[in-house]
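These are my notebook entries on one protein chain. I record what I looked up, entry by entry.

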Amino acid sequence: MYVRRPAGYHELVGDELTLGRRERKKAATRETILDAALTLFFERGFDAVTVRQIADKADVTAKTVFAYFPQKEALLFSDEDDRHERIAAAVRDRAPGTTVSQALKTHYLAEIAAMQSEPQRRVLALMNDTPSLIDYAEKMWLRHEQSLLKVMTEESGRDDPTDAIRFYVRFALQIQLIATHDANPETTIDDGFRLLDQGWAQQDTGIR
């Protein structure tokens, strides 16, 4: 049975196939650059590796490396966007009856546990030996503030975050930074949120 295709069908399919190939090629190039960077970082140390060396190993130009990663530090934190979404989802999609603090505590502990697996363990060791990476990681983590502010403001039914929500988010993010460097992160996280919740409970925010 002959089925008449709509006008422009072949052009549309061709465009979609081209787009699909282009996106796959970009993803493959990105992974190649990441693999090259991690191999060199683990072999020589972060500061001893240049972007030019990474580009040569990945068989691309330095300009191509910067097109995917704005600075060298970003090569070790390529999942930044995913982390933004995960922390927002931890609050937004928490189970009924679960407070924001409980949801964040669970999320924080899961993130810290994940850092003990390979290759994250080696990345963490590399960070501890490189002050610029620690500084970059902390600044990157604090950029989650906007994601959390958006979720909590929407939940409160407001158009803009209150000072209470801003303070809560800022302090909650600091708890994770402190816990990451402690020998017993679970105790640190518990202590941090217990102190934070004592003040949060006094606020009429509509969020629990």
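**Entry 1. The whole chain**

What share of the contacts in the chain with a separation of 6 or more comes from residues 24 or more positions apart? I found that such residues account for 66% of these contacts. I note at once that I am working with a predicted model.

I then looked up the elements and found 10 helices and 0 strands. Read from the N terminus, the order is α-α-α-α-α-α-α-α-α-α. The chain has 208 residues, and 38% of them count as buried. For the accessible surface I noted about 12700 Å², with 52% of it belonging to carbon and sulfur atoms.

**Entry 2. His 84**

I turned next to His 84, which lies in helix 4, residues 80–92. Is His 84 buried or exposed? Its relative accessibility is 16%, and residues under 20% count as buried, so I entered His 84 as buried.

I looked up its neighbours, leaving out residues up to four places away in sequence, and found that His 84 touches Arg 143, His 144 and Ser 147. With His 144 there is also a polar contact from side chain to side chain, at 2.8 Å.

**Entry 3. Glu 80 and Arg 143**

A search of the whole structure gave 14 salt bridges. I looked up one of them, in which the side chains of Glu 80 and Arg 143 meet at 2.9 Å, N to O. Why does this pair tie together parts that are 63 residues apart in sequence? Glu 80 lies in helix 4, whereas Arg 143 lies in the loop between helix 7 (131–142) and helix 8 (145–156), so the bridge joins these two places.

I also compared the two partners. Glu 80 is buried, with a relative accessible area of 14%, while Arg 143 counts as partly exposed at 39%. Arg 143 had already appeared in my notes as a residue that His 84 touches.

**Entry 4. Arg 86 and Glu 111**

The side chains of Arg 86 and Glu 111 meet in another salt bridge, at 3.3 Å, N to O. The pair links distant parts of the chain, with Arg 86 in helix 4 and Glu 111 in helix 5, 25 residues apart. I recorded Arg 86 as partly exposed at 33% relative accessibility and Glu 111 as buried at 11%.

**Entry 5. His 107**

I looked for His 107 and found its place in helix 5, residues 100–114. Which residues does His 107 touch, not counting those up to four places away in sequence? They are Arg 86, Ile 87 and Ala 90. Arg 86 is thus familiar from the salt bridge with Glu 111. His 107 counts as buried, with a relative accessibility of 11%.

**Entry 6. Lys 105 and Asp 190**

My last pair was Lys 105 and Asp 190, a salt bridge whose closest N and O atoms are 3.2 Å apart. Lys 105 is in helix 5 and Asp 190 in helix 10 (residues 185–200), so that distant parts of the chain, 85 residues apart, are linked. Lys 105 counts as partly exposed at 24% relative accessibility, and Asp 190 counts as partly exposed at 29%.

Finally, I asked which residues are joined into one network by salt bridges that share partners. I entered Asp 79, Arg 83, Arg 86 and Glu 111.

Technical notes
Residues numbered from 1 in each chain as written. Predicted model: local features only at pLDDT ≥ 70, side-chain atom pairs only at ≥ 80, totals over all residues. Heavy atoms only, no water. Helix = DSSP H or I, 4+ residues; strand = E, 2+ residues; numbered from the N terminus. Buried < 20%, exposed > 50% of the residue type's maximum accessible area, 1.4 Å probe, protein only. Contact = heavy atoms within 4.5 Å. Areas by Shrake-Rupley, 256 points an atom, 1.4 Å probe, with all protein chains shown as cover. Polar contact = N/O pair within 3.5 Å; in protein donor to acceptor, adjacent residues only side chain to side chain. Salt bridge = Lys/Arg side-chain N within 4 Å of Asp/Glu carboxyl O.
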